[in-house]
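Trainee: I am new to this structure and would like to learn how its labels are earned. Could we go through them together?

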Amino acid sequence: MSDRHRREWIYKLCTYGAIVGLFAFFLQVQNQADEYQIRILNVSAIFVTLAVSYNLINGVAGQFSLGPNAFMAVGAYTTALLTLSPAEKELSFIIEPIIWPLSVLHLPFLPSLLIGGAFAALLGFIMAFPVFRVRGDYLAIVTLGFGEVIRVVANNVQSITNGPLGLKGLSEYTNLWWSWGVAVFTVFCVTRLVKSSFGRAMQAIREDEVAAAAMGINVFRHKMLAFVVHAFFAGMAGGLMAHLITTISPTLFSFFLTFNLLVIIVIGGLGSMTGSIIAAIIITHAGEWLRAVEEPMAIGPFNIPGIPGMRMVVFSIMLILVMIFARQGLMGRREFSWEWFCGFLKIGKRRG
Amino acid sequence: MDLSLFLQQLLNGISLGSLYALIAIGYTMVYGIIRLINFAHGDILMVSTYFAYFGISVYALPWWLSVIIAILLTALLGILIDLGAYRPVRHAPRISALITAIGVSFLLENLGLVVFGGRPKAFYRPDFLDKTYELGGVHVFSLSIWVPLVTALLLALVFLLLYRTRVGAAMRAVAKDMEMVQLMGIDVNRVISLTFAVGSALAAAGGIMWAMKYPQINPLMGILPGLKAFVAAVIGGIGNIHGAVLGGLLLGTTEILLVAFLPSLAGYRDAFAFVLLILILLFRPTGLAGKDTIG
């Protein structure tokens, strides 16, 4: 075995070791941490899934989509409708009864989640045809439009979505294993995809669409691939989120969600999966810390009233400042690698 | 179809459409000059209604004075937003500028929630706008007549500015070729500031009439008119002011007529604009009126 091969083998072992370590950490957390901390970790995992898949289309393929809330909505509704038992569904659909095949279907969590992702991917596939006929800021607006359309539709087709009332009383299936399992799976799939020839083609399209086409890359098909993969994982994340907060309604999937994701991938660095993961975890936690700002405080003799809504002000300002002063975000387009890590720790350096 | 009902709804449609048109002009002028979708345009509109609200309800000024002050302050706000947020990213990739604009939009909305509170506030409606006339079986709400009239007046002013003044000529020139205009000794940044001022002032006028129409305001009220006016601008061919007016009227009228005569689709009203947008971009990406320049 050559030196290089041995090295790659060791790096691979390190990766698996790190994943095992992560889950060992969760085993510990599940026994000791309180419900609130576990919830934050779950939300972090869902946002890691979302951010990494969103970065695939926005950062890697360079197609500025503003529609992940649409895919999340589809994934969340599909998963929820499949995991609810027929009796529960009959109970919650008060205004209009639920239509036939949905009224009797009842599946376990994993197949529901996968079907939720698949439906989101299907929507992505259909959307790709109109969406990728336009570019740049028009693409952003069209995808935003699709997000709004999905929300309005969810509000109106009461026999499927229960309209504005939404779906309530979902079982809380999402736990650390599910959320982080899906997150790790997403990171694995997306990073493999980025490193493959498909991923390189997507990057080529991002840099120069005409040149990429001239080199024989099928531009539309690669954009669509990125979009559909993004949709699939966003749909799964939607399903996970639905079964974490146990209640969904159309208002949950507004542009607001997309904005949060945008903040995450911009701060992490458009195009860097490592950046997305770090930023997703930081922003989720920061959102919780900033709750302190919104609550009344007493510093010495002074009572400072809480300022509700301050969190979003901070995030908006952060987004603008990053765009003006640090367009590369935390990581730019760099990725974590064991090679860099070892160099950082100054171990295993080659002699000479 | 009942003719008088149709006429009544048509008038409502034109009234709504002229509001869209007023707001759309701001989008289209800014896009025509610096190729930026000013995402915050709808939220600038929201802030303007709060300026007017404070003038009328808190400082007890006459309503017309409050409206004038609100429009001036909003123009100033537009200039400040351009200076603080958009000018630093002017030479960055267009997507960076768009992300900044989205950031400004959320900043205004959430600052609005923090400063003004989330509860809707009642907006003042002058008496002469609160009357209903009956003309040959057609019930006419006086506001629905005044809105198109004021819009027409403001439009005339905008066209005077663009085609009869030196700065107007400079604006049209910047839209055509920014670098060349710089060589001619025109201060491009001042022209852009002026564009933001005019666009924001028109949004303020539209927003205040919008607020008088519904008559209440809240910090998130700008989102929907903003998005729809943007759609109107695209329908007319973004960058084209005549197109923006045309697109606004078209969107407003079809929306009202759709709701009035196909009530079963009323719930889909807000999706309608986007479906129209997607269709337009698919089949006529440059909009109905075409051409990518101001004027």
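Trainee: What makes the pair Asp137(A) and Arg94(B) a salt bridge?

Mentor: A salt bridge is a side-chain nitrogen of Lys or Arg within 4 Å of a carboxyl oxygen of Asp or Glu. The closest N and O atoms of Asp137(A) and Arg94(B) are 2.9 Å apart, so the pair fits that definition. Between chain A and chain B the count is one salt bridge.

Mentor: A word on where this comes from: this is a predicted model, in which local features need pLDDT of at least 70 and side-chain atom pairs count only at pLDDT 80 or more, while totals for chains, interfaces and linings use all residues. Residues are numbered from 1 along each chain as its sequence is written, chains are lettered from A and ligands numbered from 1 in the order in which they are written, and side-chain values use heavy atoms, with hydrogens and water left out.

Trainee: How many residues of chain A and chain B are in contact?

Mentor: Contact means heavy atoms within 4.5 Å. By that rule 39 residues of chain A are in contact with 39 residues of chain B. The two chains bury about 3,300 Å² between them, 83% of it on carbon and sulfur atoms; buried area is the accessible area (1.4 Å probe) that two parts lose on being put together, summed over both. Asp137(A), Tyr138(A) and Ile141(A) supply 20% of the area that chain A buries against chain B, more than any other three residues.

Trainee: Which helix gives the largest share of the side of chain A that touches chain B?

Mentor: That is α7(A), with 14 residues. Helices here are DSSP runs (H or I, at least four residues), numbered from the N terminus.

Trainee: How do you know that Cys14(A) is in no disulfide?

Mentor: A disulfide is a pair of cysteine sulfur atoms within 2.5 Å. By this rule there are zero disulfides over all chains. For Cys14(A), the nearest cysteine sulfur, that of Cys342(A), is 6.4 Å away, so the definition is not met.

Trainee: Why is Cys14(A) called partly exposed?

Mentor: Buried means under 20% relative accessible area, exposed over 50%, and partly exposed in between (1.4 Å probe, protein chains only). Cys14(A) has a relative accessible area of 29%, so it is partly exposed. Cys189(A), at 24%, also counts as partly exposed.

Trainee: And why is Lys223(A) called buried?

Mentor: Its relative accessible area is 3%, so Lys223(A) falls under the limit for buried. Lys223(A) is found in helix α12 (residues 219-245) of chain A. Leaving aside neighbours within four places in sequence, its contacts include Phe132(A), Arg135(A) and Glu209(A).

Trainee: What makes Leu165(A) partly exposed?

Mentor: Leu165(A) has a relative accessible area of 35%, which lies between the two limits, so partly exposed is the right label. Leu165(A) sits in the loop between α8 (158-161) and α9 (176-195) of chain A. Not counting residues up to four places away in sequence, Leu165(A) touches Ile94(A), Ile95(A) and Ile248(A).

Trainee: Why does Ser196(A) count as partly exposed?

Mentor: The value for Ser196(A) is 22%, so it lies in the range for partly exposed. Ser196(A) is in the loop between α9 and α10 (197-207) of chain A. The side chain of Ser196(A) reaches the backbone oxygen of Leu193(A) at 2.6 Å.

Notes. Helix = DSSP H or I, 4+ residues; strand = E, 2+ residues; numbered from the N terminus. Polar contact = N/O pair within 3.5 Å; in protein donor to acceptor, adjacent residues only side chain to side chain.
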